[in-house]
Amino acid sequence: MNDIKGYCEPRFGAVHEALAGLLAKEDVGASAAVYLDGEPVVDLWGGYADADRSVDWERSTLACVNSTTKNMTALCALILADRGLLDLSAPVAAYWPEFAAAGKEGVLVRHVLSHTAGLPDLPGLGSVAELYDWEAVTAGLAAQAPAWEPGTAAGYHALTFGFLVGEIVRRITGRGLGAFFAEEVAGPLGADFHIGLPAEHDHRVAPLIPPPSLTDAYAASAPPGPDGAPRENTGVAVRVGDVNAPAWRRAQIPAVNGYGNARSVALVQSVLANRGTAGGVRLLSPRGCEPAWQEVFSGADRVLGTPMSWTAGFGKFGNTFGWGGWGGSLVVSDPDARMTVAYVMNQMIDRERQQDDRGMEIVMAAYGGLR
């Protein structure tokens, strides 16, 4: 194995040890980062960017972080809310009039952000390629009836989250979610994170590696419904091979197709943990950050099949908030400690067959540096 590179303050040495341990076991290539008070205290990477272990994972290596992208998309909405351009308690139809169809006039923006809008599925899609047609997907969502009374239950909006939030952002700003993020978040912060990746960055991408013994045909299966029966008509199944294709990189799927590394993920999310600033750049007011950790819904999630606490865009876990991606990436922020921890890798783990604690190992190691 190649050496771990980067920077780590001595008191966070446990993070270096944890990353080294992961790379010595299941990981092929990975990065880990910790931001404290909006500044980097850990920025590490190592291993390989390819399954053959012939290309080093470099400082500039990027990977698709799948649903860790949702943290970035939610931040865009909170920025607009902080600027007074978006009311989280307003009906979605106030910004997107067509959305009021099929009984959705009472769906609020906070319902969309908290996975309680009743629109977790894309039943009309037959192929991944159809996800690349923004107007068709959002028109389908606008015409769709909610699966439950909005606000009364939660059900993880795996793919629809990005289209719903992204269309609200587009209606307000005239910009797609990826462009808004690039101009209003990544640009000011100098963050190497992209929602929709230009071709000029393809050479930096570490393709995702399917779980051991599985192939690029591996797809995350839909969790069972609340009665334990298989959920049907949920929409298109995304496979590892789809995520590794150039067409996926170019698309706008703001729930899942963000590209970055631990440094860029932690930098962006540290804004919310540090009362609106990172690296001396202010993106939100202190109060504008609060919806990220204020609970909107708590109870059984109908899609995930587990109890969940959702805020306006994030999972809430005790005093922390954040979310992870299919295969293993993760970001966790602690507003009390003003700390954000991120982990990004290329080797996926099938959580239906094996517990994946890699990201949490990095998080717990980071807390050791606060003692």
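This passage describes the salt bridges and the cysteines of a predicted model.

The count of salt bridges in the predicted structure comes to 15. Among them are two that involve Glu167, a residue that is buried, with a relative accessible area of 1%. Glu167 pairs with Arg170, the closest N and O atoms being 2.8 Å apart, and it also forms a salt bridge with Arg171, for which the corresponding separation is 2.7 Å. Glu167 and Arg170 are three residues apart in helix α5 (residues 160-173), so about one helical turn separates them; Glu167 and Arg171, four residues apart in helix α5, are likewise separated by about one helical turn. The arginine partners are both partly exposed, Arg170 at a relative accessible area of 33% and Arg171 at 31%.

A further salt bridge, with an N to O distance of 2.6 Å, joins the side chains of Asp192 and Arg204. Because Asp192 lies in the loop between α6 (177-189) and β5 (194-195), and Arg204 in the loop between β5 and α7 (240-243), this pair ties together parts that are 12 residues apart in sequence. Asp192 is partly exposed, at 22% relative accessibility, whereas Arg204, at 13%, counts as buried. Elsewhere, salt bridges link Arg83, Arg175, Glu183 and Glu184 in a network.

With regard to the cysteines, the count of disulfides is zero. Cys289 takes part in no disulfide, the nearest cysteine sulfur, that of Cys76, being 14 Å away, and Cys289 is buried, with a relative accessibility of 0%. Cys8, by contrast, is partly exposed, with a relative accessible area of 21%.

Note on methods
Residues numbered from 1 in each chain as written. Predicted model: local features only at pLDDT ≥ 70, side-chain atom pairs only at ≥ 80, totals over all residues. Heavy atoms only, no water. Disulfide = S-S within 2.5 Å. Buried < 20%, exposed > 50% of the residue type's maximum accessible area, 1.4 Å probe, protein only. Salt bridge = Lys/Arg side-chain N within 4 Å of Asp/Glu carboxyl O. Helix = DSSP H or I, 4+ residues; strand = E, 2+ residues; numbered from the N terminus.
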